[in-house]
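Colleague: Could you walk me through how to read a contact between two chains, and then the space inside a model? I would like the general idea first and the case at hand after it.

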Amino acid sequence: MADALAAARFAQSLRLGDDALILGQRLGEWAGHAPTLEVDLALTNIGLDLIGQAQHFLGYAGELEGKGQDADGLAFRRDVYDFRNCLLVEQPNGDFARTIARQYLFSAWQLPLMQGLAASADRRIADVAEKAVKEIAYHVRFSGEWIVRLGDGTAESKRRMEAALAWCWRFVDELFESDPAEAMLVEAGEAVDRAALRPAWDAAVDAVLAEAGLARPTIGRGVTGGRAGRHSEHLGHILSEMQFLPRAYPDAVW
Amino acid sequence: MYTTELSATPTRIAAAEGVEDAARLAEFDARVAADDFIEPKDWMPEAYRRTLIRQISQHAHSEIVGMLPEGNWITRAPSLRRKAILMAKVQDEAGHGLYLYCAAETLGISRDEMTQALLAGKAKYSTIFNYPTLTWADMGTIGWLVDGAAIMNQVPLQRTSYGPYARAMVRVCKEESFHQRQGYEAVMALAAGTPEQKAMAQDALDRWWWPSLMMFGPPDDNSPNTAQSMRWRIKRETNDELRQKFVDVTVPQAEALGLTIPDPDLVWNEAKGGYDFGTPDWDEFYAVVRGEGPVAMERMEARRKAWDDGAWVRDAAMEHAAKQRSQRLAA
């Protein structure tokens, strides 16, 4: 039981860290290429917040795992099948609308998740979550406002925003997937039941979509798998770029 | 990050002055000579205004184009700590660009006009950003040398005669100094690392040394704007004086790292209390100023692409703001 609990804690930290790491990596691709300087600053700022979260969660995961891996070891020495991020965060940046759709759907989910985790019985998780909540509240505001601007902007921006939401919506269901290990942590007061976040998320997203004059996309079956290490084709490319130096110079300390 | 005097043709600074009010000019000259700050609503000679617009906007453009060589390595930074440091740095550069565009706008030009001048290739930016970043060591080396040169140039600009520029420089210098130390620390890690890492650091120093010296601009005997800029206290020290200071400060830093400066003529000169050093390849410098640097076309293409691809986003933001305004008026 103690082992199962330890494994569940490790799985949770890894999931939280991988989500933040991969999305932070994606946002880093925008640096110098955004539509305005202010947006450039904002995207890098959000990316930086996420990399900070990844450092904390992966660092803790490394301790829980007990194999001597620090955050960098976990970030740079695992292959695709060991990553536990959701599929949404590994989606390519696409145009600005797609980046914004991905950001808003994710941040609107991450906010109540971290708010819940800030009360976790696991103090380490609670401390990181508490700090993250402040950052994520800003991410939600920034991306939500852009959903409205683009949805309620020109005909072209509306068309692009609709297409972007349709692209990302397939990956929403996965955010609310739970598993027995997590249920055990929820029982222990250390985790948030992700399935239970859905009604509040739906309400928040619907309000923003309504303000933007956008319809909620209708899709069939959601695409899932990230939490089990079954990723899209994109993650391998992200990792080969991200991990090149530590892989090429395994003895180096940077 | 940095700007210097880059205009290929000397501006005819004195030409317009004959027609300007002699009394106001005398008063202006006296204020500048007394190290008073000139503020946006103060009278100033038209040539002073033009020179400042050119210099501050070039400086702003340099910050923006300068995001690209470093942004090139964000996704490949070898540790999460280094990645975070690099992202924070690139973010600060965007912020410096914003301060500087604001400072230039106080002189009566809009950010849009300045951006269009950059994209049309009419406005310059620092030559240094037309060199490629080939390895991770370039990130530390740019922090160390390029930010180091920038600081050397910008510290005196904190006392430049135009108040908004001077105040922007105070903020910029604080942040740049922080990144410069982080850059040096990143090179320290390489120099103290594996033989491959040390070789990487040496290679980066070999490639960035001379371009960094060129950041101070052409030699004094071929620097047409220097004399007037110094009289106006826009510039406080000459290009060659600043370059000498930079070499004197940087050589011991390289020695501390166990790295070699790629200059066979570099030698300590006891009599002058500074280093003698070789001559930068000025032909290369002028070619880079003309837009013929190794990655000049890539840099401009990236800026134009960001601008063009972002047009629909800016249009949407304007349209939405207009709708909001008209809704408020109707309410």
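**Reading the contact and the cavities**

Modeller: Gladly. Between chain B and chain A there are 12 residue pairs in polar contact, with both residues at pLDDT 80 or more. Keep in mind that this is a predicted model.

Colleague: Which elements of chain B give two or more residues to the side that touches chain A?

Modeller: They are α3 (67-71), α4 (80-105), α7 (163-191), α8 (195-214), α12 (296-309) and α13 (311-330) of chain B. The most comes from α4(B), with 14 residues. By residue class, this side of chain B divides into 26 nonpolar, 11 polar and 11 charged.

Colleague: And how many salt bridges are there between chain B and chain A?

Modeller: The count is 2. One of the salt bridges joins the side chains of B:Lys323 and A:Asp152, at 3.4 Å from N to O.

Colleague: How should I think about the size of such an interface?

Modeller: Interface size is often quoted as the accessible area that is lost when the parts come together. Here chain B and chain A bury about 3,900 Å² between them, and 70% of that is on carbon and sulfur atoms. Of the area that chain B buries against chain A, 21% is supplied by B:Thr75, B:Leu80 and B:Trp312, more than by any other three residues.

Colleague: How many residues does each chain bring to the contact?

Modeller: Chain B brings 48 residues, and chain A brings 48 residues.

Colleague: Let us turn to the whole structure. How many salt bridges does it hold over all chains?

Modeller: There are 39 over all chains. A good one to look at is A:Glu190 with A:Arg9, where the closest N and O atoms are 2.6 Å apart. This pair links distant parts of the chain, 181 residues apart: A:Glu190 sits in the loop between α8 (180-187) and α9 (198-212) of chain A, and A:Arg9 in helix α1 (residues 2-28) of chain A.

Colleague: Now the empty space. What is the idea there?

Modeller: A probe the size of a water molecule is rolled over the atoms, and this shows where empty space is left. Searching the whole structure this way gives 4 cavities of 30 Å³ or more. The second largest holds about 150 Å³ of space.

Colleague: What lines the second largest cavity?

Modeller: It has 13 lining residues, and B:Ile85, B:Leu86, B:Met139, B:Gln182 and B:Gly183 are the closest to its centre. Two or more lining residues come from each of α4, α6 (137-157) and α7 of chain B. The lining divides into 5 nonpolar, 5 polar and 3 charged residues.

Colleague: Then α4 of chain B appears in both places: it lines that cavity, and it also gives residues to the side that touches chain A.

Terms used. Residues numbered from 1 in each chain as written. Chains lettered and ligands numbered in written order. Heavy atoms only, no water. Contact = heavy atoms within 4.5 Å. Buried area = accessible area lost by both parts, 1.4 Å probe. Salt bridge = Lys/Arg side-chain N within 4 Å of Asp/Glu carboxyl O. Polar contact = N/O pair within 3.5 Å; in protein donor to acceptor, adjacent residues only side chain to side chain. Helix = DSSP H or I, 4+ residues; strand = E, 2+ residues; numbered from the N terminus. Nonpolar A, V, L, I, M, F, W, Y, C, P; charged D, E, K, R; others polar. 1 Å grid on protein atoms, 1.4 Å probe; cavity = no way out; pocket = protein on both sides within 12 Å on 5 of 7 lines; lining within 4 Å. Points joined across faces, edges and corners; volume = space filled by probe spheres on them.
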